Amino acid sequence: MKTDNVELPVPVLRSPHWRVNFHPDEYKRELIPSLRKCYEIIDKNKVRLRGWDYPHLDTERGQGSNWVDSWSDFMGHLEYWRLYQSGQFVHLFSVGEATIPGWRQKLQSHFSHIQGIDWERVPGFISIPNFIYTMTEIFEFASRLCQAEVYKGVLNIDIRLKGIEGFVLSEKRIWRNCYSAAENEIGHFWAFESDILVAKSADKSLDAISWFFERFGWMYSPIDVFREDQQNFLRGRV
């Protein structure tokens, strides 16, 4: 699904956003036998670890000849996803830190100890905990689809952040440096054997987190600290 020139039912492409794409290594047009089954797959395997499911299956939904979709626009959260019968899943959702009221002020306040930077000129902030939770949800959802045997063999995962040049990583814990995105789009492609992803989805998501944080200039991020945050999230302790 090419999204650059597609008119979506919600304006998710007009602001900084995530783009997540899953697809099996081998194309089969009707890997999923029916459109109804596509919706059932999303509903049974979506991740419910906080107030907003991943992905969110809204009452707003539609279908094409070989795909289903759903979308939402709620209090600054913009989301659109589409699942094809071929197994391709495309998910677009806003960087909430840029679109949900109140987030910028909260995240900027974490830098009161750093002087000499005009924070009003910083285009935006990325919450480190929210980034960890989001990446964990993405990989957990992929793992569940593999467990449900939607995907067998190799699953390809492509994750991108768009519209984020100059955005700064932020958290209430005090880190020594300021880490910002040097490019407007950051993204990477991974290919996993489905059984490996089922067994190690949490570890693989931490690898992806480290990859992204390096592109913000954080070369030695504390993965053990993030692993503890992730485990608390998975256990419902956040």
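In this predicted model, helix H1, which covers residues 35-45, packs against helix H4, which covers residues 128-147, with the two axes 10 Å apart and at an angle of about 120 degrees. Because of that angle, H1 is described as oblique to H4, and the crossing in which H1 passes H4 is right-handed. On the side of H1, the residues that make this contact are Ile 41, Ile 42 and Asn 45, while H4 contributes Phe 141, Arg 144 and Leu 145. Sorted by the character of their side chains, the residues of the contact of H1 with H4 divide into four nonpolar, one polar and one charged.

Helix H4 also meets helix H6, which spans residues 223-234; here the axes come within 10 Å and cross at roughly 60 degrees, and this crossing of H4 and H6 is right-handed. The residues of H4 that take part are Ile 128, Ile 132, Tyr 133, Thr 136 and Glu 137, and they meet Phe 226, Asp 229, Gln 230, Phe 233 and Leu 234 in H6. In this contact of H4 with H6 there are six nonpolar residues, together with two polar and two charged ones.

From these helix pairs we can turn to the interior. The largest nonpolar core has 55 residues, and those with the most contacts inside it are Phe 22, Met 135 and Ile 159. Helix H4 gives the most to this core, with eleven residues. Which residues does Phe 22 contact, leaving aside its neighbours within four places in sequence? The contacts of Phe 22 include Ile 138, Phe 141, Ala 142 and Leu 145, and among the others are Gly 87, Phe 89, Tyr 151, Leu 155 and Ile 157. A second, separate core consists of nine residues, and Leu 8, Val 10, Leu 78 and Leu 92 are included in it.

Another residue that is worth following is Ala 208, which lies in helix H5, residues 194-215. Ala 208 counts as buried because its relative accessibility is 0%, and a residue is called buried when this value is under 20%. Leaving aside its neighbours within four places in sequence, Ala 208 is in contact with Met 135, Phe 139 and Trp 190. The C-alpha atom of Ala 208 is separated by 9.1 Å from that of Ile 159, although these two residues are 49 apart along the chain.

The backbone, finally, has some places that a careful reader should look at one by one. Most residues other than glycine have a negative phi, and most peptide bonds are trans. The peptide bond from Tyr 54 to Pro 55, however, is cis, with omega near -15 degrees, and Pro 55 lies in the loop between H1 and strand S2, residues 61-63. Met 75 is not a glycine, yet it has a positive phi of about 50 degrees. This residue, Met 75, is found in the loop between strand S3, residues 67-74, and strand S4, residues 77-84. Is Met 75 buried or exposed? Met 75 has a relative accessible area of 64%, so it is exposed, the cut-off for that word being over 50%. Glu 149, which lies in the loop between H4 and strand S7, residues 154-162, has a phi near 65 degrees, a positive value in a residue other than glycine. At 53% relative accessibility, Glu 149 therefore counts as exposed.

Conventions. Residues are numbered from 1 along each chain as its sequence is written. This is a predicted model: local features need pLDDT of at least 70, side-chain atom pairs count only at pLDDT 80 or more; totals for chains, interfaces and linings use all residues. Side-chain values use heavy atoms; hydrogens and water are left out. Helices (H or I, at least four residues) and strands (E, at least two) are DSSP runs, numbered from the N terminus. Buried means under 20% relative accessible area, exposed over 50%, partly exposed in between (1.4 Å probe, protein chains only). Contact means heavy atoms within 4.5 Å. Axes are lines fitted to C-alpha atoms, for helices over the stretch in contact, and angles run from 0 to 180 degrees between N-to-C directions. Angles under 35 degrees count as roughly parallel, over 145 as roughly antiparallel, 65 to 115 as roughly perpendicular and the rest as oblique. A crossing is left-handed if the near helix is turned anticlockwise from the far one by less than a right angle, and right-handed if clockwise. Ala, Val, Leu, Ile, Met, Phe, Trp, Tyr, Cys and Pro count as nonpolar, Asp, Glu, Lys and Arg as charged, and the others, Gly among them, as polar. A nonpolar core is a set of buried Ala, Val, Leu, Ile, Met, Phe, Trp, Tyr and Cys residues joined through side-chain atoms within 4.5 Å.
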